[in-house]
Amino acid sequence: MKRLISTSPEITVRFGYEYAKTLKNTDILGLIGELGSGKTCLVRGIAKYFRITDDIISPTFLILNQYKGINPLNHTNIIINHFDFYRLKSYEELHSIGFDEYISDMNAINIIEWPSLLLNEKFKMKQWKKIILKHGKESNIRIIRY
Ligand SMILES: Nc1ncnc2c1ncn2[C@@H]1O[C@H](COP(=O)(O)OP(=O)(O)OP(=O)(O)O)[C@@H](O)[C@H]1O
Ligand SMILES: [Mg+2]
């Protein structure tokens, strides 16, 4: 894994923007990190790359925020599904919100905060990418592994 030390929210947004260039339709990206580690901040950068102008907020109470963007490489429409599994307790619950349908959308990229449910054995066939964020010693430092 590579490592980046971010010293500000802006740098984390910039990292998300650069990382977005590696994402393809149907990708599943899990963002692993404690409260306030910068997961949503990173999603802001990804959204910016896909020309999304909506405010990006943590979908904690909604489970899913969906954004319509444009892939700058080929100018096609792309959907960003931004999930937060913080409140979900079981794979069955995940299944009941229609997760399997969302991730089979050929025009969508799926980003998940608190993705540990993906480790559930029922999900093991799907590949997913991971970014791990940790707080550093100073309040402005985040260590990002990807
Ligand atoms: N280097 C940094 N990178 C990202 N955020 C930082 C950094 N330094 C300080 N911050 C602050 O940390 C907070 C990160 O919040 P953010 O909502 O992105 O976290 P989160 O991981 O999504 O949390 P939650 O699990 O509650 O959704 C923001 O208040 C931001 O200003
Ligand atoms: Mg968040």
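Where is arginine 51 found? In this predicted model, arginine 51 lies in the loop between H2 and E3. The residue comes just after H2 and takes a positive phi of about 60°, although arginine 51 is not a glycine. Most residues other than glycine have a negative phi. Arginine 51 has 13 other C-beta atoms within 10 Å and is therefore partly exposed. A positive phi is also found at threonine 26, with a value of about 75°. Threonine 26 belongs to the loop between H1 and E2, and it counts as partly exposed because 15 other C-beta atoms lie within 10 Å.

The strands form an open sheet of 7 members with mixed pairing, in the order E1-E7-E6-E2-E5-E4-E3. Strand E1 (3-6) and strand E3 (64-71) occupy the edges; each has a single partner strand, so one side of each is left without a neighbour in the sheet. On average, neighbouring strands of this sheet are turned by 20° against each other, direction ignored. Strands of a sheet pair through backbone hydrogen bonds, either parallel or antiparallel.

At the E1 edge, E1 and E7 are paired in the antiparallel sense over 4 bridges. Within this pairing, arginine 3 has arginine 145 in E7 as its bridge partner. E7 is also joined to E6 by 4 bridges, and these two strands run antiparallel. Here isoleucine 132 stands opposite arginine 145 of E7. The connection from E6 to E7 is a hairpin of 6 residues. In a regular strand the side chains alternate between the two faces of the sheet. In E7, Arg142 and Ile144 make up a covered face, whereas Ile143 and Arg145 make up an uncovered one.

At the E3 edge, E3 is joined by 8 bridges to strand E4 (residues 76-84), and the two run antiparallel. Asparagine 65 is placed opposite histidine 82 of E4. The loop between E3 and E4 contains leucine 73. Leucine 73 is exposed, because 9 other C-beta atoms lie within 10 Å and a residue with 12 or fewer counts as exposed. Leucine 73 and lysine 21 are 52 residues apart in sequence, yet their C-alpha atoms are 9.0 Å apart in space.

Beyond E4, the loop leading to helix H3 (91-96) holds tyrosine 86. This tyrosine 86 is partly exposed, with 14 C-beta neighbours inside 10 Å. Leaving out residues up to four places away in sequence, tyrosine 86 touches Thr60, Glu113 and Trp114. Its C-alpha atom is separated by 8.9 Å from that of phenylalanine 61, a residue 25 places away along the chain.

Two helices were examined in relation to the sheet. H1 lies across E1 and strand E7 (142-145), and runs at about 145° to E1. H2 lies across strand E2 (28-32), E3, E4, strand E5 (108-113) and strand E6 (129-135), with a direction at about 165° to E5. H2 is mostly covered, as 8 of its 11 residues are buried. These buried residues are Lys39, Thr40, Cys41, Leu42, Val43, Gly45, Ile46 and Ala47. Their cover includes H1, E2, E3, E4, E5 and E6.

In soluble globular proteins, nonpolar side chains tend to be buried together. The largest nonpolar core of this model has 24 residues, of which Leu31, Leu42, Ile46, Ile111 and Ile112 touch the most other members. Two or more residues are given to this core by each of H1, E2, H2, E4, E5 and E6. H2 gives the most, with 5 residues. When its neighbours within four places in sequence are set aside, leucine 42 is in contact with Thr12, Phe15, Gly16, Leu31 and Ile131.

The same two helices also take part in the surroundings of ligand 1: helix H1 (9-20) and helix H2 (39-49) each supply at least two residues of its shell. In total, 19 residues surround ligand 1, and the closest are Thr12, Gly38, Lys39, Thr40 and Cys41. Among these closest residues, Lys39, Thr40 and Cys41 are also buried residues of H2. By residue type, the shell around ligand 1 divides into 4 nonpolar, 12 polar and 3 charged residues.

Methods. Residues numbered from 1 in each chain as written. Chains lettered and ligands numbered in written order. Predicted model: local features only at pLDDT ≥ 70, side-chain atom pairs only at ≥ 80, totals over all residues. Near = placed C-beta within 6 Å. Nonpolar A, V, L, I, M, F, W, Y, C, P; charged D, E, K, R; others polar. Pairing = 2+ DSSP bridges. Axes fitted to C-alpha atoms, helices over the stretch in contact; angles between N-to-C directions. Contact = placed C-beta atoms within 7 Å. Buried ≥ 20, exposed ≤ 12 C-beta atoms within 10 Å, placed from the backbone. Core = buried A, V, L, I, M, F, W, Y, C linked by C-beta atoms within 7 Å.
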